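Dear colleague,

Please find below the structure that I promised to hand over. My notes on what was found in it follow directly after.

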Amino acid sequence: MQNQYQWLPFAVHRSSPHFDDRPHEDDVDLLVIHNISLPAGVFGTNYVDDLFMGSIDCQAHPTFSSLNGLRVSAHCFIRRCGQIIQYVPFSKRAWHAGVSNFLGRERCNDFSIGIEMEGTDTEYYTDAQYEALVRVSQVILAQYPNITSERIVGHCDIAPGRKTDPGDAFEWQRYLDALYQESTIE
Ligand SMILES: [Zn+2]
């Protein structure tokens, strides 16, 4: 299957070195929402971009020592202002989920797309972020129809006890309402 968009035409493209091949390129049926901020709770820095690009200076902040050697990425990162940066094409495996399990299937990176929202578990996400997330999600769902509404989850859902993102601050109903409402109008 040749997907229409491996790279979103409306995103900034940054090729992360942190990706590899999916076991089955067309086997994509899960969308995972995350949050991240570096340092935690500080927004608008370039450190998340540095982390995903493999160029973060682990001396730049005391808390960054834990990031030493960490090789992670996401398909997309949505900043507080709504800017979308894509790091990995959808056909490839980004390294966002870690040890994970969805309905008994492990290694969710194999079959999922990961989107990082700049934020924390407790701070409300911005309107611009919801708009961007809906826009990205609509493109993804059009290309991967096996990603049904019940297969859009948080990192907390596939790594319970280990991960809590995107946290209570993420308004799932708002997101899903906008996603499916706007899709049907189109
Ligand atoms: Zn996460």
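Helices and strands are taken here as DSSP runs, of at least four residues for a helix and at least two for a strand, and they are numbered from the N terminus. Please bear in mind that this is a predicted model.

Overall architecture

The protein has four helices and 10 strands. Along the sequence these elements follow the order β-β-β-α-β-β-β-β-β-β-α-β-α-α. For a chain of 186 residues, a compact globule would be expected to have a radius of gyration near 16 Å, and the value of 15 Å for the protein agrees with this. Along the principal axes, the C-alpha atoms occupy a box of roughly 45 × 35 × 35 Å. Buried residues make up 52% of the 186. Of the contacts between residues at least 6 apart in sequence, 73% join residues at least 24 apart.

Surface and charge

The exposed area of the protein is about 8900 Å², of which carbon and sulfur atoms supply 49%. There are 14 positive and 25 negative charges, and the mean positions of the two sets are 6 Å apart.

The zinc site

Which residues of the protein are donors of the zinc ion? They are His34 and His155, each through ND1, and Asp165 through OD, at 2.0 to 2.1 Å from the ion. Their spacing along the chain is H-x120-H-x9-D. His155 belongs to helix α3 (residues 155-158), whereas Asp165 is in the loop between α3 and α4 (172-185), so this pair ties together parts that are 10 residues apart in sequence. Since buried means under 20% relative accessible area, His155 counts as buried at 3%, and Asp165 is likewise buried at 6%.

Cis peptide bonds

Asp165 also takes part in a cis peptide bond, which joins it to Pro166 with omega about 10 degrees. Pro166 is located in the loop between α3 and α4. A cis peptide bond also joins Leu38 and Pro39, with omega about -15 degrees. Pro39 is placed in the loop between β3 (30-36) and α1 (47-53).

Positive phi angles

Leu103 is not a glycine, yet its phi is positive, at about 50 degrees. This residue lies in the loop between β7 (101-102) and β8 (105-106), and its relative accessibility of 74% makes it exposed. Arg107, also a residue other than glycine, has a positive phi near 55 degrees. The loop between β8 and β9 (112-118) holds Arg107, which counts as exposed at 55% relative accessibility.

With kind regards

Notes. Residues are numbered from 1 along each chain as its sequence is written. This is a predicted model: local features need pLDDT of at least 70, side-chain atom pairs count only at pLDDT 80 or more; totals for chains, interfaces and linings use all residues. Side-chain values use heavy atoms; hydrogens and water are left out. The radius of gyration is taken over C-alpha atoms; the globule rule is 2.2 Å times the number of residues to the power 0.38. Buried means under 20% relative accessible area, exposed over 50%, partly exposed in between (1.4 Å probe, protein chains only). Contact means heavy atoms within 4.5 Å. Accessible areas come from the Shrake-Rupley method with a 1.4 Å probe; for residues, only the protein chains shown count as cover. Lys and Arg count as positive and Asp and Glu as negative; His and the chain ends are not counted. The place of a charge is taken as NZ of Lys, CZ of Arg, CG of Asp or CD of Glu. Donors are N, O and S atoms within 2.8 Å of the metal (3.2 Å for Na, K and Ca); water is not among the atoms, so sites may look incomplete.
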